Amino acid sequence: MAKDSENISVLHNVIAQGTKIIGSIEANSDIRLDGILEGNLNCNGKVVIGAQGAVRGDLNCNNSDILGTVEGKIFVSDTLSIKSSASISGEIHTKILSIEPNAVFNGTCEMTRNEQ
């Protein structure tokens, strides 16, 4: 039993290209999305949206690398990295933001610091 709880931190979920999900996803471990999600994604870990991946809804997670498309609100409690192939339309709320050249971002951004 203890061994299972130790391994939970290395587990991750994968939604493969060609998969379309309509509805919300709740995940306690990291998730990679190469398919399409029409709904909200809440994750207590890192979210990677692959170059062919798309989210049409809100994204809420600790960290995220976005290579694909997001249409909605993005809430990242630590670091959001928007790669050159990404296209984002909507609001961004994050602590740390990195945007590569050629990435597309249309919307608003609010960055916060954790004050001690």
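In this predicted model, the largest nonpolar core holds 23 residues, and the ones that touch the most other members are Val47, Leu59, Ile66 and Ile74. Quite a few strands chip in: strand 3 (25-27), strand 4 (30-33), strand 6 (41-43), strand 7 (46-49), strand 9, strand 12 and strand 13 each give two or more residues to this core. Strand 12 supplies the largest share, with 4 residues.

Leu59 is a handy place to look around. Setting aside neighbours within four places in sequence, Leu59 is in contact with Leu41, Val47, Ile49, Ser64, Ile66, Lys73, Ile74 and Phe75. That list takes in Val47, Ile66 and Ile74, which sit alongside Leu59 among the core members that touch the most others.

Strand 12 also turns up again and again in the strand pairing. Strand 9 (residues 59-61) runs parallel to strand 12 (residues 74-82), and 3 bridges join the two. Within this pair, Asn60 stands opposite Phe75, and Phe75 is also one of the contacts of Leu59. Strand 10 (residues 63-66) pairs with strand 12 as well, again in the parallel sense and over 3 bridges; here Asp65 has Ser81 of strand 12 as its bridge partner.

Then there is strand 13 (residues 87-99), which pairs with strand 12 over 7 bridges, once more in the parallel sense. In this pairing, Val76 finds its bridge partner in Thr94 of strand 13. Strand 12 thus has parallel pairings with strand 9, strand 10 and strand 13, on top of giving the core its largest share of residues.

Note on methods. Residues numbered from 1 in each chain as written. Predicted model: local features only at pLDDT ≥ 70, side-chain atom pairs only at ≥ 80, totals over all residues. Heavy atoms only, no water. Pairing = 2+ DSSP bridges. Core = buried A, V, L, I, M, F, W, Y, C linked by side-chain atoms within 4.5 Å. Buried < 20%, exposed > 50% of the residue type's maximum accessible area, 1.4 Å probe, protein only. Contact = heavy atoms within 4.5 Å.
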